[in-house]
Amino acid sequence: MEGDTTFGSDKVADWHVPLSSGIYRVEFEHGTVSGKRVITVNGTEIHRKNWMFKLVGSEHFTIGKHKSAIHIEAVSGFAYEYTLEVDGKPLEKFRENMKKNVVAWTFLLDNVETRVCLEKDTMDVWVNGNMLDTQGVFGDDGTETHFAIGDNLVK
């Protein structure tokens, strides 16, 4: 994904990364004169380098437990392209894999927006960014995963 360069200041890219633990916003600042590089995740600065002489290259960091990198490439003159990679895959490919391996629901529960994710490969259940303890129950029609959200039992 090419970073959106329509921002003021040195902010050059903004991505949304869907994970089981939530949707993370990754922002990148790149000072094309100073070489400054700043990465923020969900509004928290997690990486900063000031005064770099090399304007292209990669910055490595993690989003939760996922290894990530922002790649900076010169496309012409002083124009740059910014791409985000998560778990060794371009963001779009990572999103495709998440769609295959994770089922997510968003709904109101007791007037609170609630996001539930089920990881198909591990059967882990995440609610609003927290992994829950679950119980697998085998029946005639297959397996059910039981868990609780607050005082609400979910089957």
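**Exercise 1. Confidence**

Identify the strands in which the confidence of this predicted model is lowest and highest.

*Solution.* Begin with the extremes: in the protein chain, strand β15 (residues 152-154) has the lowest confidence, at a mean of 84, and strand β8 (residues 89-90) the highest, at 97. Next, take the whole protein chain: its mean pLDDT is 88, and 94% of its residues reach 70 or more. Finally, turn to residues 1-8, where the pLDDT is below 50; this stretch has 17 contacts in the model beyond near neighbours in sequence. Where pLDDT is low, predicted coordinates should not be read in detail.

**Exercise 2. The sheet**

Determine the order of the strands in the four-stranded open sheet and the sense of their pairing.

*Solution.* The order is β9-β10-β11-β12, with antiparallel pairing. At the edges stand β9 (102-109) and β12 (130-132), each of which pairs on one side only. On average, neighbouring strands of this sheet are turned by 25 degrees against each other, direction ignored. Consider then one pair: eight bridges join β9 to strand β10 (residues 112-119) in the antiparallel sense, and L109 stands opposite V112 in β10.

**Exercise 3. Helix α1**

Establish which residues of α1 are buried and why they line one face of the helix.

*Solution.* First, place the helix: α1 (residues 91-101) lies across β9 and β10 and runs at about 75 degrees to β9. Its buried residues, under 20% relative accessible area, are L91, F94, N97 and M98. Viewed down the axis of α1, these buried residues fall within an arc of 120 degrees, and therefore line one face of the helix. Their cover includes β1 (11-19), β6 (66-76), β7 (79-86), β8 and β9. The face turned away from the buried side of α1 carries the exposed residues K99 and K100.

Methods: Residues numbered from 1 in each chain as written. Predicted model: local features only at pLDDT ≥ 70, side-chain atom pairs only at ≥ 80, totals over all residues. Heavy atoms only, no water. Pairing = 2+ DSSP bridges. Helix = DSSP H or I, 4+ residues; strand = E, 2+ residues; numbered from the N terminus. Axes fitted to C-alpha atoms, helices over the stretch in contact; angles between N-to-C directions. Contact = heavy atoms within 4.5 Å. pLDDT = per-residue confidence, 0-100. Buried < 20%, exposed > 50% of the residue type's maximum accessible area, 1.4 Å probe, protein only. Arc of directions from axis to C-beta.
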